[in-house]
Amino acid sequence: MTDKTMTPDAIVGRLRSGMTLGIGGWGSRRKPMALVRALLRSGITDLTVVAYGGPDIGLLAAAGKIRKLVTAFTTLDSIPLEPHFRAARERGAFELVELDEAMFMQGLTAGAQRLPFLPIRAGLGSDVLRVNPQLRTVTSPYEDGEELVAVPALRMDAALVHLNRADRLGNAQYLGPDPYFDDLFCEASDTAYVSCERIVASSELTEQAAPQTMLISRHAVTGVTETPGGAHFTSCVPDYGRDEPFQKAYATAAGDPDAWKEFEDRFLTGTEQDYQAAVQAWHKEQR
Amino acid sequence: MTQTDPTAAAGAPEAAASSVTRAEYCVIACAEAWRGAGEILASPMGTVPAIAARLAKLTFSPDLLLTDGEALLIGDVPAVGAPSAVTEGWLPYRRHLTMAMGGRRHVMMGASQIDRFGNQNISCIGDWERPRRQLLGVRGAPVNTLNNPVSYWIPRHSKRVFVEKVDMISGVGYDSAAAAGPSATRFHDLRRVVSDLGVFDFGAADHAMRLVSLHPGVTVEQVRESTGFRLAEADEVPCTREPTAEELRLIRDVVDPRGLREREVRP
């Protein structure tokens with residue numbers, strides 16, 4: 001069977017400017033940050049990004065890589081407002097498709113099931129329909145005759161997700177309490193790339209965890225990469241929680257151009273190994 | 001009931017009541033939203049609603065379902081911010097959204113802006129195309145308001161929040177739901193708004209917001225001055241009810257021993 005392991009840079013090498021890119025996780029939780037950092041080092045730009053947004057969106061927005069964003073929110077969770085996202089929106093830096101959380105879920109589900117849309121009782125009466133004039137409604141063909149919103153399928157060129165464990169074939173496992181929507185992101189994308197804390201033998205995956213933790217199957221995965229700390233500074237429970245002090249430092253730096261330049265120089269110019277080492281050094285300084 | 005000086009309550013004859021803080025009246029007012037709710041999920045956003053949901057479960061609504069704020073339904077009632085010891089269910093985001101659509105949930109959300117028909121905004125301030133201030137995004141407000149009962153908690157009642165017209169309708173108000181038609185109104189059910197000044201419902205003509213109780217120490221004038229639209233009110237506006245001694249004990253010793261409620265509400 002096919003060994004799908006590759007490096008983060010090789011994964012980013014498969015992506016192109018102008019692509020529609022799905023990013024898994026939720027807010028500041030289990031985001032494929034090592035892959036996002038690899039993306040930041042690349043020349044790729046002009047992206048349509050589909051995500052329940054966190055610092056992935058903030059970083060890509062700050063780097064000017066987003067042409068269009070499809071989202072229901074962008075937040076750092078413990079810090080409600082993502083500063084780079086806010087600043088980017090306030091200077092009109094990209095086009096926004098603002099959907100409700102459940103509409104977004106229906107869009108992913110439709111994308112995974114190759115349906116043109118799925119109906120939902122959400123959006124009606126809200127300004128989601130006003131600011132997305134492309135959205136249509138659909139009338140139930142049954143006796144109720146209800147008019148519902150037809151959420152168009154969210155179909156992507158590539159998905160990036162981060163899970164706790166995976167094998168070399170691309171089977172991937174989450175060990176935290178919430179799968180978020182990572183399987184749907186992979187299934188709704190033409191290609192999908194999984195980063196994980198550890199690559200283990202297939203036999204090891206269910207040695208200590210129940211089989212229903214096997215969220216993503218290899219048929220939906222193009223490439224897999226081992227990136228320890230790859231969700232940092234977002235959470236990757238139970239391997240680690242969110243790095244709150246570092247996230248705070250990120251948010252503070254994001255509020256000031258000089259401080260942000262310093263942050264970038266220190267943390268985002270080198271390789272992933274450089275990043276992890278710089279974070280360790282930073283934590284030592286804080287003690 | 002309508003004394004202008006909040007400290008004047010200290011001279012009130014009922015000693016127990018005089019020591020009740022504004023934040024504690026807010027907890028009681030929020031908890032009442034879930035009275036008689038039965039076996040549904042209480043989904044509180046914010047500290048005071050989180051304390052209130054736990055208080056409701058410990059007293060008059062024992063069948064409520066609570067979450068740990070992440071993906072678990074908890075079978076115990078730990079203090080706010082403390083870990084739970086009993087898990088009675090699994091509620092990751094996708095199931096949580098499905099539960100909202102199924103209607104077995106009463107959420108108490110926040111609002112950056114809210115208008116007299118209960119339209120709520122958490123998305124952005126100013127023009128959506130180029131906002132003056134970008135906020136969270138609509139999040140789940142559109143799905144919540146069309147599918148399960150919704151209440152609102154506003155810790156700082158002001159004209160900036162209680163506005164004539166919200167900039168981006170995230171949560172759907174009564175007028176907007178009516179205009180959108182029968183599938184929008186079918187399960188639309190805005191219950192109450194609790195602020196640091198009082199309690200409001202949508203019981204006036206055309207479902208306009210109405211003042212139903214004032215927290216002790218607050219005057220009708222104060223509420224009017226802090227509200228950016230004409231508020232319906234009854235001739236006699238009662239005070240928000242007093243907590244019982246047992247409720248006060250539960251709030252202070254069991255649910256919020258660290259006094260987090262006092263940080264969310266001005267004294």
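# Exercises on a predicted two-chain model

In this predicted model, three bridges connect strand 5 of chain B with strand 10 (residues 150-154) of chain B, and the two strands run parallel. The exercises start from this strand and then turn to other parts of the structure.

## Exercise 1. Strand 5 of chain B and its partners

Task: Determine how strand 5 of chain B pairs with strand 1 of chain B, and establish whether the residues of strand 5 are buried or exposed.

Solution.

Step 1. Consider the pairing with strand 10 of chain B. Met109(B) stands opposite Tyr152(B), which belongs to strand 10 of chain B.

Step 2. Consider strand 1 (residues 41-44) of chain B. Strand 1 and strand 5 of chain B pair in the parallel sense, over four bridges. In strand 5 of chain B, Val107(B) has Ser43(B) opposite.

Step 3. Recall the rule for side chains. In a regular strand they alternate between the two faces of the sheet.

Step 4. Apply the faces to strand 5 of chain B. One side carries Arg105(B), Val107(B) and Met109(B), the other His106(B) and Met108(B), and all of these are buried.

Step 5. Conclude. Five of the five residues of strand 5 (residues 105-109) of chain B are buried, so the strand is largely enclosed by the rest of the structure.

## Exercise 2. An open sheet in chain B

Task: State in which order the strands of the three-stranded open sheet of chain B are arranged, and explain why strand 2 and strand 4 each leave one side without a neighbour in the sheet.

Solution.

Step 1. Read the order. The three strands of chain B follow the order 2-3-4, with antiparallel pairing.

Step 2. Locate the edges. Strand 2 (66-67) and strand 4 (87-90) of chain B each have a single partner strand, so one side of each lacks a neighbour in the sheet.

Step 3. Examine one pair in detail. Three bridges link strand 3 (residues 72-74) and strand 4 of chain B in the antiparallel sense. Ile74(B) is placed opposite Thr87(B) of strand 4 of chain B.

## Exercise 3. Helix 5 of chain A

Task: Check whether the span of helix 5 of chain A agrees or disagrees with its number of residues, then describe its cover and its two ends.

Solution.

Step 1. Compute the expected span. The value is 1.5 Å times one less than the number of residues, so the 12 residues of helix 5 (residues 101-112) of chain A should span 16 Å.

Step 2. Compare. The end C-alpha atoms of helix 5 of chain A are 17 Å apart, which agrees with the expectation.

Step 3. Assess the cover. Of the 12 residues of helix 5 of chain A, 11 are buried; among them are Glu101(A), Phe104(A), Gln106(A) and Leu108(A).

Step 4. Inspect the N-terminal end. Asp100(A) caps helix 5 of chain A there, with a side-chain oxygen 2.7 Å from the backbone nitrogen of Ala102(A).

Step 5. Inspect what follows. Arg114(A) comes after helix 5 of chain A and has a positive phi, near 55°. Arg114(A) lies in the loop between helix 5 and strand 5 (117-120) of chain A. With a relative accessible area of 77%, over the 50% cut-off, Arg114(A) is exposed.

## Exercise 4. Backbone features in loops of chain A

Task: Identify which peptide bonds in the loop between strand 12 and helix 9 of chain A are cis, and place Asp46(A).

Solution.

Step 1. Take the bond between His232(A) and Phe233(A). This peptide bond is cis, with omega about 10°, and Phe233(A) sits in the loop between strand 12 (223-226) and helix 9 (244-254) of chain A.

Step 2. Take the bond from Val237(A) to Pro238(A). Here too the bond is cis, with omega near 5°, and Pro238(A) lies in the loop between strand 12 and helix 9 of chain A.

Step 3. Turn to Asp46(A). Its phi is positive, near 65°, in a residue other than glycine. Asp46(A) occupies the loop between helix 2 (33-41) and strand 2 (47-51) of chain A and is partly exposed, at 35% relative accessible area.

## Exercise 5. Cysteines and the interface

Task: Explain why Cys26(B) and Cys30(B) form no bond, and give the extent of the contact between the chains.

Solution.

Step 1. Apply the cut-off. A disulfide needs sulfur atoms within 2.5 Å, whereas the sulfur of Cys26(B) is 6.5 Å from that of Cys30(B), its closest cysteine sulfur, and therefore too far for a bond. The count over all chains is zero disulfides.

Step 2. Quantify the contact. It involves 41 residues of chain B and 44 residues of chain A. About 3,700 Å² is buried between the chains, 54% of it from carbon and sulfur atoms.

Step 3. Find the main contributors in chain B. Tyr93(B), Arg94(B) and Trp128(B) lose the most area to chain A, together 21% of what that side buries.

Terms used: Residues numbered from 1 in each chain as written. Chains lettered and ligands numbered in written order. Predicted model: local features only at pLDDT ≥ 70, side-chain atom pairs only at ≥ 80, totals over all residues. Heavy atoms only, no water. Buried < 20%, exposed > 50% of the residue type's maximum accessible area, 1.4 Å probe, protein only. Polar contact = N/O pair within 3.5 Å; in protein donor to acceptor, adjacent residues only side chain to side chain. Pairing = 2+ DSSP bridges. Contact = heavy atoms within 4.5 Å. Buried area = accessible area lost by both parts, 1.4 Å probe.
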